Amino acid sequence: MKKQWAIPARANGEFVARMEDVLDLYAWPYDPARPVVCMDEKPYQLLAHARKPISAAPGRDRREDSEYVRHGTCSVFVWVEPLAGRRRVSARPRRTRIDWAQEIDRLLTMDYPKAEQVVLVLDNLNTHTLGSLYEAFAPAKAHALAARLELHHTPRHGSWLNIAEIELSALTRQCLDRRIEDLTVLNHELAAWQHATNADQRQVHWHFTTTDARTRLRHL
């Protein structure tokens, strides 16, 4: 008999509270002064070909050996503003608190310099806290950045609520489904994907509402 996965009642309440918080954000109208931005990140393995691939030819597909050479790992960061159809992607050698803080600095000072406050949806990774800003910057700068940032964490086991995860899935299929051995080349490819996707101004219209959640997830 298959074992059922049980969630403690207290965890149920926490899940519902965070879920409804995020769903309420997705129902907001577009406001450039307080844009809703979603972020996610994933590890990516840099790989090189052990043998040079054979190029495609008429009647023959490109051929490559299954053997590869590891060139380390990195972390790919994805930032998406669903209602504006805007996203930014970049790769860093690591995903430490300092890396996340530096990405937040770029988000607030370069991506949204005129926004009064950026409302950020993200998961519960231990680097995704305001404390990371204070580890990376002097107190005055960290405080200034934190004042313009409003964090909303998705519930545990509820990463499907993060629109950035959807974008990350599309990025993986469209750009990261091949061997890339160098971080510089990877960032070049990510920039090309970002430019092409933003040119389409592809927005994300979220249809799953708080009312839907209360109907379909009554067991919680």
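**Figure 1. His 157 sits in the loop between strand S5 (149-153) and H5.** This close-up comes from a predicted model, as do the other views below. His 157 has a phi near 65 degrees, a positive value in a residue other than glycine. For comparison, most residues other than glycine have a negative phi. Is His 157 buried or exposed? With a relative accessible area of 62%, His 157 is exposed, because it passes the 50% cut-off.

**Figure 2. Helix H5 (residues 163-174) is seen here with its buried residues.** H5 has 12 residues, and its end C-alpha atoms lie 17 Å apart, which agrees with the 16 Å that it should span at 1.5 Å a residue. Which residues of H5 are buried? They are Ile 163, Ala 164, Glu 167, Leu 168, Ala 170 and Leu 171. Looking down the axis of H5, you find these buried residues within an arc of 160 degrees, so they line one face of the helix. A reminder that helps when reading this view: an α-helix has 3.6 residues a turn, so residues three or four places apart point the same way.

**Figure 3. Helix H6 (residues 183-199) has a buried side and an exposed side.** The 17 residues of H6 reach 24 Å from the first C-alpha to the last, close to the 24 Å expected at 1.5 Å a residue. Buried in H6 are Leu 186, Leu 190, Trp 193 and Thr 197. Seen down the axis of H6, the buried residues fall within an arc of 60 degrees, so they line one face of the helix. What does the other side of H6 carry? There you will find Thr 184, His 188, His 195 and Ala 199, which are exposed.

**Figure 4. Trp 193 of helix H6 is shown together with Leu 171.** Trp 193 has a relative accessible area of 8%, so it is buried. Leu 171, one of the buried residues of H5, is 22 residues away from Trp 193 in sequence. In space, the two residues are 7.7 Å apart, C-alpha to C-alpha.

**Figure 5. Leu 176 lies in the loop between H5 and H6.** How accessible is Leu 176? Its relative accessibility is 7%, so Leu 176 counts as buried, the limit for that class being under 20%. The C-alpha atom of Leu 176 is separated by 9.9 Å from that of Gln 45, although the two residues are 131 residues apart along the chain.

**Figure 6. Arg 202 follows in the loop between H6 and helix H7 (210-216).** At 34% relative accessibility, Arg 202 counts as partly exposed, because this value falls between the 20% and 50% cut-offs. Which residue is paired with Arg 202 in this view? It is Ala 84, 118 residues apart from Arg 202 along the chain, with 8.1 Å separating the two C-alpha atoms.

**Figure 7. Helix H4 (residues 139-147) holds the buried residues Ala 142, Leu 145 and Ala 146.** These buried residues cover an arc of only 100 degrees around the axis, which puts them on the same side of H4. Turned away from that buried side is a face with the exposed residues Ala 140 and His 143.

**Figure 8. Cys 74 and Cys 175 are buried cysteines.** Cys 74 has a relative accessible area of 5%, while Cys 175 has a relative accessibility of 3%. How many disulfides does the structure hold? The count is 0. As background, a disulfide is a covalent bond between the sulfur atoms of two cysteines.

**Figure 9. The largest pocket holds about 280 Å³ of space.** It is lined by 23 residues, and the closest to its centre are Leu 25, Tyr 26, Ala 27, Trp 28 and Leu 83. Which element gives the largest share of the lining? Helix H1 (residues 9-26) does, with 4 residues. By class, the lining is made up of 15 nonpolar, 4 polar and 4 charged residues.

**Figure 10. The whole chain puts the close-ups in context.** Here you can place the views among the 7 helices and 5 strands of the chain. Along the sequence, these elements follow the pattern α-β-β-β-α-β-α-α-β-α-α-α. Of the 220 residues in the chain, 39% are buried.

Technical notes:
Residues numbered from 1 in each chain as written. Predicted model: local features only at pLDDT ≥ 70, side-chain atom pairs only at ≥ 80, totals over all residues. Heavy atoms only, no water. 1 Å grid on protein atoms, 1.4 Å probe; cavity = no way out; pocket = protein on both sides within 12 Å on 5 of 7 lines; lining within 4 Å. Points joined across faces, edges and corners; volume = space filled by probe spheres on them. Helix = DSSP H or I, 4+ residues; strand = E, 2+ residues; numbered from the N terminus. Nonpolar A, V, L, I, M, F, W, Y, C, P; charged D, E, K, R; others polar. Disulfide = S-S within 2.5 Å. Buried < 20%, exposed > 50% of the residue type's maximum accessible area, 1.4 Å probe, protein only. Expected span 1.5 Å × (residues − 1). Arc of directions from axis to C-beta.
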